[in-house]
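Colleague: I have a few questions about this chain. Can we go through them one at a time?

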Amino acid sequence: MSKKLVIFDLDGTLLNTINDLGVSCNYALEHLGYPTHSLTAYPFMVGNGVRRLIERAQPDASPEEVEKLMAVFKEHYDKHNTDTSKPYDEIPELLRELTNRGIAVAVASNKYQEAVNKIINHFFPDIPFVSVQGQIEGRSVKPDPSIVFAILNDHPTPKSEVLYVGDSAVDINTARRACVENVGVTWGFSPVSHLRKAFADHIVSTPSEILNFV
């Protein structure tokens with residue numbers, strides 16, 4: 001059945017954001033006297049929201065210290081989250097092609113909502129997303145499927161006509177829990193083995209291949 005709605009993860013799927021995330025996390029760690037990490041280490045820490053990123057970057061931090069680190073991180077990241085981040089090759093063209101075909105597009109991210117809004121408006125101002133969902137207070141992060149249901153509330157679509165696209169096992173598990181077809185992408189932050197272990201329905205290595213499943 002043809003798809004009417006494609007839901008995209010943000011970090012590692014639409015945008016390469018890892019350096020800006022790593023720089024802001026290192027800033028927070030250094031600001032509070034903790035050791036920092038190589039930027040190449042950060043792909044293994046992201047994917048479950050800012051709190052889990054901070055906890056992975058500094059596993060010895062107490063809950064109170066995690067809150068302080070998060071506050072410093074957000075203050076820095078809000079100012080610098082478009083410094084080096086950029087769309088992956090072919091992503092703008094893919095989003096325009098889907099829109100031209102009359103297929104709705106949406107975003108489901110574990111990044112906090114304010115940052116998601118800023119980043120989407122900055123990089124994709126001409127794309128008419130039907131729903132842009134980030135992490136909000138009181139809603140469980142992915143792989144909990146609540147974020148998918150929020151998108152379907154904004155843009156009601158039969159699940160059989162929905163495709164979910166992401167770069168990590170978190171995304172594949174989110175789609176599976178929401179009972180929607182999924183595509184794992186290999187250009188993001190996770191190795192392809194993680195997508196296979198999560199039983200991705202499809203795996204692609206270029207954005208244009210996603211058109212084969214709509």
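Colleague: In strand 6, which residue is the bridge partner of V6?

Modeller: This is a predicted model, so the answer is read from predicted coordinates. Strand 1 covers residues 5-8, and strand 6 covers residues 162-166. The two strands pair in the parallel sense over four bridges. Across from V6, the bridge partner in strand 6 is L163.

Colleague: Which way do L5, V6, I7 and F8 point from strand 1, and are they buried or exposed?

Modeller: In a regular strand, side chains alternate between the two faces of the sheet. Strand 1 shows this: L5 and I7 point one way, V6 and F8 the other way. As for the four residues L5, V6, I7 and F8, all are buried.

Colleague: Which residue of strand 4 is the bridge partner of F8?

Modeller: Strand 4 takes in residues 104-112. Strand 4 and strand 1 run parallel, joined by four bridges. The partner of F8 in strand 4 is V107.

Colleague: Which residue in strand 5 stands opposite A108?

Modeller: Strand 5 spans residues 131-135. Strand 4 and strand 5 pair in the parallel sense, with four bridges. Opposite A108 stands Q133.

Colleague: What is the hand of the β-α-β unit made by strand 4, helix 5 and strand 5?

Modeller: Helix 5 covers residues 113-123. Strand 4, helix 5 and strand 5 together make the β-α-β unit. Its hand is right-handed.

Colleague: Which residue of strand 7 stands opposite V165?

Modeller: Strand 6 pairs with strand 7 in the parallel sense. Four bridges join strand 6 and strand 7. Opposite V165, in strand 7, stands V183.

Colleague: What is the order of the six strands in the open sheet, and which are the edge strands?

Modeller: Strands of a sheet pair through backbone hydrogen bonds, either parallel or antiparallel. Here the pairing is parallel, and the order is 5-4-1-6-7-8. Each edge strand pairs on one side only. The edge strands are strand 5 and strand 8.

Colleague: By how many degrees are neighbouring strands of this sheet turned against each other on average?

Modeller: The sheet is open and has six strands. Direction is ignored for this angle. The average turn between neighbouring strands is 20°.

Colleague: How many aromatic pairs does the structure hold, and what is the angle between the planes of Y88 and W187?

Modeller: The structure holds three aromatic pairs. One of them is Y88 and W187, at 6.5 Å centre to centre. The pair counts as tilted, with 55° between the planes.

Colleague: How many residues apart are Y88 and W187?

Modeller: Y88 lies in the loop between strand 3 and helix 4. W187 lies in the loop between strand 7 and helix 8. Both residues, Y88 and W187, are buried. The pair links distant parts of the chain, and the separation is 99 residues.

Colleague: What kind of aromatic pair do F124 and F129 form?

Modeller: The centres of F124 and F129 are 6.2 Å apart. Both F124 and F129 are buried. The planes make an angle of 75°, and over 60 degrees counts as edge-to-face. So the F124 and F129 pair is edge-to-face.

Colleague: Is C179 buried or exposed?

Modeller: C179 is found in the loop between helix 7 and strand 7. Its phi is near 65°, a positive value in a residue other than glycine. The relative accessibility of C179 is 56%, and the cut-off for exposed is over 50%. Therefore C179 counts as exposed.

Colleague: How many disulfides does the structure hold?

Modeller: A disulfide is a covalent bond between the sulfur atoms of two cysteines. C25 is buried, at 0% relative accessible area. C179 is exposed. The number of disulfides in the structure is zero.

Colleague: Which residue does a cis peptide bond join to K142?

Modeller: Omega of this bond is about 20°. The partner is found in the loop between strand 5 and helix 6. K142 is joined by the cis bond to P143.

Notes:
Residues numbered from 1 in each chain as written. Predicted model: local features only at pLDDT ≥ 70, side-chain atom pairs only at ≥ 80, totals over all residues. Heavy atoms only, no water. Buried < 20%, exposed > 50% of the residue type's maximum accessible area, 1.4 Å probe, protein only. Pairing = 2+ DSSP bridges. Right-handed = clockwise from strand over helix to strand, strands pointing away. Phe/Tyr/Trp six-rings, centres within 6.5 Å; stacked < 30°, edge-to-face > 60°. Axes fitted to C-alpha atoms, helices over the stretch in contact; angles between N-to-C directions. Disulfide = S-S within 2.5 Å.
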